[in-house]
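Student: I should like to learn how to read confidence, burial and pockets in a model. May we take them in turn?

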Amino acid sequence: MSSNHLRHVEFMSLLPSGAGKISQSNAVVLGESLASEENDLVFPSKEFSDQALVSSPQQYMEMHKRSMDDPAGFWSDIASEFYWKQKWGDQVVSENLDVRKGPIHVEWFKGGITNICYNCLDRNVEAGLGDKIAIYWEGNERDVDASLTYSELLQQVCQLANYLKDHGVKKGDAVVIYLPMLMEFPIAMLACARIGAVHSVVFAGFFADSLAQRIIDCKPKLILTCNAFKRGPKTINLKAIVDAALDISSKDGVSVDICLTYDNPSATTRESTKWQTGRDVWWQDVVPKYPTSCEVEWVDAEDPLFLLYTSGSTGKPKGVLHTTGGYMVYTATTFKYAFDYKSTDVYWCTADCGWITGHSYVTYGPMLNGTTVVVFEGTPNYPDSGRCWEIVDKYKISILYTAPTLVRSLMRDDDKFVTNHSRKSLRVLGSVGEPINPSHWRWFFNLVGDSRCPISDTWWQTETGGFMITPLPGAWPQKPGSATFPFFGVQPVIVDEKGNEIEGECSGYLCMKGSWPGAFRTLFGDHERYETTYFKPFAGYYFSGDGCSRDKDGYYWLTGRVDDVINVSGHRIGTAEVESALASHPQCVEAAVVGVEHEVKGQSIYAFVTLVEGVPYSEELRKSLILMVRNQIGAFAAPDRIHWAPGLPKTRSGKIMRRILRKIASRQLEELGDISTLADPSVVDQLIALADV
């Protein structure tokens, strides 16, 4: 019997719920290129598993079982590795997730007194990591770079914290951060946390109305921004957007006294920056004058750490509130295990700090582990599509965490952009933001990772604070496109329409049973909406809003938002499934699927398809794409319509705006609504022009 076969049998006998049923002929060990069968198993190499923090399904299952049977003990042991001014009380966790039993509440480590900035910085400096690089910063242009050690970062954080304190910012006060990916971004977040202020970061791709909405909701003491920045070849005048937002908010009765503005000479000059004397202050003129040490404001584990607004179905953004202690313990632990972190790793997460990924996995999670983090100001395909891999080689990045949207955009270009660079330093890859479909997973795995780097395909949300379902890279075989198994302390359940739990192989609504330390505690100023949105749909559970299936081996597959489920003749079809099938066609780079009304079927499937550069539109290709879906899923899932799409309408974070696609598909062009927040609004006109091609 071959060693691969033995290894397969050994792994499969240990996996949850009958995983031994998979035919060993499909098993692939990391280091061998991946075939295209949907249900391939991709094994970590023996060398990788031997050095991994969790090296077998057995070890994982023992740890997960303990986290379920004794959550208080499991998480207390981990929490004790951090610095607490005062230990929490006897009750580690207090929770009610059932609206029928009273108000929803979640508390972890209440009574414990700590500070997340102290644990990210001072604790690491005191442990001898003061001279270790904390941040490598890569500018928009090649050869523009900088770095900070943990000691230097601590000093700069303290200077800004002292400035904030000196200008009346106290524990519990809100501070809005509206910055591009400069080193000052994580510095600003950590400075707020140091003094107990609540940061509310707004992604620098949002325009004045969205920024004003968030300012009006959280009423910040001051706003931190910069005059302008370059994103690829474009200059974005951030300060002008802030000025407009502050005009809007002041008309609503919310004025902000100070706008601390970082002078970014690579993008614009001070002279060409509009200025309001008395309110606007240049960062470099004041912050460096402050002392480089700053007293820590010790806070309760349940004191708020940050607000982060996420889009709501009603249009009004929801202010997701995370607190300090549980979030600290959870982000640090998920980072450590999901990326199999080693102290020698250099880590790059391509996400912007304006999103939850940038909070949990650019700033807090990595720095709590004393990690060297790469922060990149630019775009991965500027000045060309080799930039990403150039950065990987330049800093010898070993862990790369990115999004399927970036993978798709780089797939459209020639593979030589990847293969011209060594990438030998890479050992773990990661994916975040949406399910990565199997064909994109394979490209990422085979080409970028040379078929040797496991992919941590993470499922989680702004609301969960950290990873919920994720591979642990050395512990079990992966299936391309599956988020695999729950993290420690996480108990996913799949329920039907009536809220009944479904066992074994099934599809339904993904919910969580019981709380976890990283969970958000409320929606700012709207606890009722918090309960209605997340806890009322299925009483007794946290409802994720996502559809999910579990296969015969217990692997979890996310099928997209439930509102992205199409009902064709009584068949519930997840958009992600159809999109995956279309994207597996060799001439399709990306697809987005929506439902449109159909007088017979109720809904029919309407697919927008982006082809490989240079491939002409043709009726044969249309038929071939439809056949791909029929063959992979079934005739019931075949799209009725293929609409050619040179590009898709996306937000600046890469999310596809299906609302706009639905309107185009239904020909309700007068109801398109606001398209100014799209990364490229001109895509909409292109799609309309191609409606009848």
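Student: Over residues 1-9, where does pLDDT stay?

Tutor: pLDDT is the predictor's confidence in each residue, from 0 to 100. In this predicted model, pLDDT stays under 50 over residues 1-9. That segment has 15 contacts (heavy atoms within 4.5 Å) beyond four places in sequence. Over residues 30-38 pLDDT likewise stays under 50, with 33 such contacts in the model. The chain average is 91, and 93% of the residues score at least 70.

Tutor: Local features need pLDDT of at least 70, side-chain atom pairs count only at pLDDT 80 or more, and totals for chains, interfaces and linings use all residues. Residues are numbered from 1 along each chain, and side-chain values use heavy atoms, with hydrogens and water left out.

Student: Why is helix α19 largely enclosed?

Tutor: Buried means under 20% relative accessible area (1.4 Å probe, protein chains only). Helix α19 (residues 575-583) is largely enclosed by the rest of the structure because 8 of its 9 residues are buried. Among them are T575, V578, E579 and L582. Helices are DSSP runs of H or I, at least four residues, and strands are runs of E, at least two.

Student: How is empty space found, and what lines the second largest pocket?

Tutor: Rolling a probe the size of a water molecule over the atoms shows where empty space is left. A pocket is an open set of points on a 1 Å grid over the protein atoms alone, where a 1.4 Å probe fits, with protein on both sides within 12 Å along at least five of seven lines; lining residues have an atom within 4 Å of a point. Here 21 residues line the second largest pocket, with H64, P486, P492, R550 and Y556 nearest its centre. The largest share of that lining, 4 residues, comes from α3.

Technical notes: Buried < 20%, exposed > 50% of the residue type's maximum accessible area, 1.4 Å probe, protein only.
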